[in-house]
Amino acid sequence: MGLSIVKYWRGLMIIHDISEPQKSLYVIGGSILSVLRESNEKSFDPIRLFGLLHNSNSKVSLTYFYLGLDWLYLLNAIELDGFGNIKLCS
């Protein structure tokens, strides 16, 4: 069991290898922040935000999207409101 976890996390890095930059949490987080900043809305349902991210030509999987949200939350770039919607930190 431990080996499969290590193997999984070896495949996902904060800075991914140059051949697949779309899997880098920096790139994914930047794409999410761009969608949030370009909108006039104050908060987003996570699934709606995922749809908007896909419409902006960022074809990230749902798993990587949620990892990107986790990354941004740890950096205090985003927060959740009382309804579980995502918004930019002020």
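## Notes on the predicted model

1. Starting with Glu 41: its relative accessibility is 39%, so it goes down as partly exposed. Keep in mind throughout that this is a predicted model. The side chain of Glu 41 meets that of Arg 48 in a salt bridge, at 2.9 Å from N to O. Arg 48 also comes out at 39% relative accessibility, which makes it partly exposed. That 39% sits between the 20% and 50% cut-offs, so neither "buried" nor "exposed" would be the right label here.

2. How many salt bridges does the structure hold? There are two. Besides the Glu 41 and Arg 48 pair, Glu 79 bridges to Lys 87, with 3.8 Å between the closest N and O atoms. The limit for a salt bridge is 4 Å, so a pair at 3.8 Å makes the list. Glu 79 is partly exposed at 29% relative accessible area, and Lys 87 is partly exposed too, at 27%. As background, side chains of opposite charge can pair when their charged atoms come close.

3. Now the overall layout. The protein chain has four helices and two strands, and along the sequence they run α-α-α-α-β-β. Of its 90 residues, 30% count as buried. The accessible surface comes to about 6,300 Å², with 59% of that belonging to carbon and sulfur atoms. On contacts: taking those between residues at least 6 apart in sequence, 44% join residues at least 24 apart.

4. Helix α4 deserves a paragraph of its own. It has 13 residues and covers residues 62-74. From first C-alpha to last it reaches 18 Å, close to the 18 Å expected at 1.5 Å a residue. Which residues of α4 are buried? They are Tyr 64, Phe 65, Leu 67, Gly 68, Leu 69, Trp 71 and Leu 72. Tyr 66 is in this helix as well, but at 33% relative accessible area it is partly exposed.

5. Tyr 66 turns up again on the surface. Together with Ile 47 and Leu 62, Tyr 66 makes a nonpolar surface patch of about 260 Å². Patch members need over 30% relative accessible area, so Tyr 66 at 33% meets that condition.

6. Two residue pairs are worth a look for how α2 sits relative to α4. Gly 30 lies in α2 and is partly exposed, at 31%. Its C-alpha is 8.8 Å from that of Gly 68, although the two are 38 residues apart along the chain. Gly 68 is among the buried residues of α4. The second pair is Leu 33 and Leu 72: their C-alpha atoms are 8.6 Å apart, with 39 residues separating them along the chain.

7. More on Leu 33, which is also in helix α2. Is Leu 33 buried or exposed? It is buried, at 14% relative accessibility. Leaving out neighbours within four places in sequence, Leu 33 is in contact with Leu 72, Ala 77, Ile 78 and Leu 88. Leu 72 is one of the buried residues of α4, while β1 takes in residues 78-80 and β2 takes in 86-88.

8. Next, the loops. Ser 24 is in the loop between α1 (2-11) and α2 (25-38). At 5% relative accessibility it counts as buried. A polar atom of the Ser 24 side chain lies 3.2 Å from the backbone nitrogen of Tyr 26.

9. Just after α4, Asn 76 takes a positive phi of about 60°. I'd flag this one for a look on screen, as it is a positive value in a residue other than glycine. Asn 76 is in the loop between α4 and β1. With 59% relative accessibility, Asn 76 passes the 50% cut-off and therefore counts as exposed.

10. The last residue on my list is another asparagine in a loop: Asn 85 is found between β1 and β2. Asn 85 is buried, with a relative accessible area of 18%; the cut-off is 20%, so it falls under it. What does Asn 85 touch, not counting residues up to four places away in sequence? The list is Ser 43, Phe 44, Asp 45, Pro 46, Glu 79 and Leu 80. Glu 79 is familiar from point 2, where it forms the salt bridge with Lys 87.

Conventions
Residues numbered from 1 in each chain as written. Predicted model: local features only at pLDDT ≥ 70, side-chain atom pairs only at ≥ 80, totals over all residues. Heavy atoms only, no water. Buried < 20%, exposed > 50% of the residue type's maximum accessible area, 1.4 Å probe, protein only. Polar contact = N/O pair within 3.5 Å; in protein donor to acceptor, adjacent residues only side chain to side chain. Patch = residues over 30% accessible without salt bridge, like charges linked within 9 Å, V, L, I, M, F, W, Y side chains within 5 Å. Areas by Shrake-Rupley, 256 points an atom, 1.4 Å probe, with all protein chains shown as cover. Expected span 1.5 Å × (residues − 1). Contact = heavy atoms within 4.5 Å.
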